[in-house]
Amino acid sequence: MIVITAPTGNIGSHLLSRLLRSAPAEEGLRVVVRDPARLPDEVRERVEVITGSHGDPEVVDRAFAGADAVFWLVPPDSSLTPEAAYSGFTRPAAQALAAHGVGHVVGVSALGRGTPVADRAGLVTASLAMDDLIASTGVAHRALACPSFFENLLEEADSIREDGVFTDLVDANRKAPMVAVGDIAAAAAALLLDRSWTGAGSVPVLGPRDLSPADLARIMTEQLGRPVRYERQSYDDLYAALVGHGLDAAFVQGIVDMKRAKDDGLDAGVPRTDESSSPTTFEQWCVQVLKPAVLT
């Protein structure tokens with residue numbers, strides 16, 4: 001039995017679809033979802049559904065009973081502090097993992113462990129502490145150490161369409177790994193179906209190559225057939241904008257600290273290898289995902 005949290009999110013939906021295609025017949029699939037109506041009808045017919053939040057002790061107690069493996073993803077709650085949003089949310093699940101003797105957990109986390117900025121990286125620091133909490137239960141644990149997602153750019157589809165602009169806080173020429181969420185889901189599926197691994201550790205998923213904002217602008221211009229440029233936003237402007245939208249001030253500071261750490265090399269601590277590289281290129285992603293979002 002594999003339990004999948006956040007099955008309607010970006011990564012979880014890719015993972016669930018992949019497991020429905022590739023999992024052996026004897027492998028049961030159970031999902032934890034607040035609103036089962038968000039699952040397609042054909043999916044609900046093939047999985048066991050636990051309704052509720054996976055931050056709820058009663059929900060995870062039911063979900064983890066009889067489970068062999070769990071896919072763990074925390075949907076960040078911008079109304080909470082980073083510690084509460086990650087470790088606080090995960091604490092009931094950690095207790096349920098131990099109580100039910102779950103064997104394996106695959107979680108979505110971040111790059112940066114072991115770097116000089118890991119302890120001042122805001123949301124990433126909180127995510128790494130969450131990993132330690134899960135590992136402390138004694139479960140076999142693999143944290144998928146991820147850089148920024150290509151999919152983050154979908155939040156700027158309107159700006160790209162209307163003004164030909166996307167923004168971030170890092171230097172225009174700073175190269176860093178980036179990854180498609182489908183590649184993260186593929187890495188998670190492989191680990192969940194194998195389960196021959198033991199102990200605790202991380203699995204970097206780095207995408208095929210490092211890219212700078214200038215690279216992204218050039219590739220988007222080529223693939224969209226219209227000019228796209230990068231504008232660097234200031235930390236103060238981002239903080240003011242997010243607080244103005246009602247986000248918790250400590251959570252917003254966590255975002256700003258994460259962005260600052262990324263500009264200081266947070267994502268550069270893992271060497272790129274064939275094993276840590278994943279296949280989806282930014283060019284492919286632009287054609288398959290961004291172009292329909294921007295041009296239709």
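Which residues does Trp72 touch, not counting residues up to four places away in sequence? In this predicted model, the partners of Trp72 are Thr5, His54, Phe64, Phe89, Thr90, Ala93, Val105, Val106, Gly107, Val108, Met130 and Ile134.

Trp72 also has a place in a wider picture. Together with Phe64 and Val70, Trp72 is among the residues with the most contacts inside the largest nonpolar core, a group of 42 residues. Several elements give two or more residues to this core: helix 3 (57-64), helix 4 (82-100), helix 5 (123-135), helix 9 (235-244) and helix 10 (249-263), along with strand 4 (69-72) and strand 5 (104-110). A second core, separate from this one, is made of 32 residues, including Leu39, Val106, Cys146 and Leu192.

Stepping back to the whole fold, the protein chain contains 11 helices and 12 strands. Its radius of gyration, 19 Å, is close to the 19 Å that the globule rule gives for 296 residues, so the chain is as compact as a globular protein of that length. Along the principal axes, the C-alpha atoms fill a box of roughly 55 × 40 × 40 Å. Among contacts with a separation of 6 or more, 78% are between residues 24 or more positions apart.

What share of the 296 residues counts as buried? The value for the protein chain is 49%. As for the outside, the accessible surface comes to about 13100 Å², and carbon and sulfur atoms account for 50% of that area. The chain carries 26 positive and 40 negative charges, and the mean positions of these two sets lie 3 Å apart.

Note on methods
Residues numbered from 1 in each chain as written. Predicted model: local features only at pLDDT ≥ 70, side-chain atom pairs only at ≥ 80, totals over all residues. Heavy atoms only, no water. Helix = DSSP H or I, 4+ residues; strand = E, 2+ residues; numbered from the N terminus. Rg over C-alpha atoms; globule rule 2.2 N^0.38 Å. Buried < 20%, exposed > 50% of the residue type's maximum accessible area, 1.4 Å probe, protein only. Contact = heavy atoms within 4.5 Å. Areas by Shrake-Rupley, 256 points an atom, 1.4 Å probe, with all protein chains shown as cover. Lys, Arg positive; Asp, Glu negative; His and termini not counted. Charge placed at Lys NZ, Arg CZ, Asp CG, Glu CD. Core = buried A, V, L, I, M, F, W, Y, C linked by side-chain atoms within 4.5 Å.
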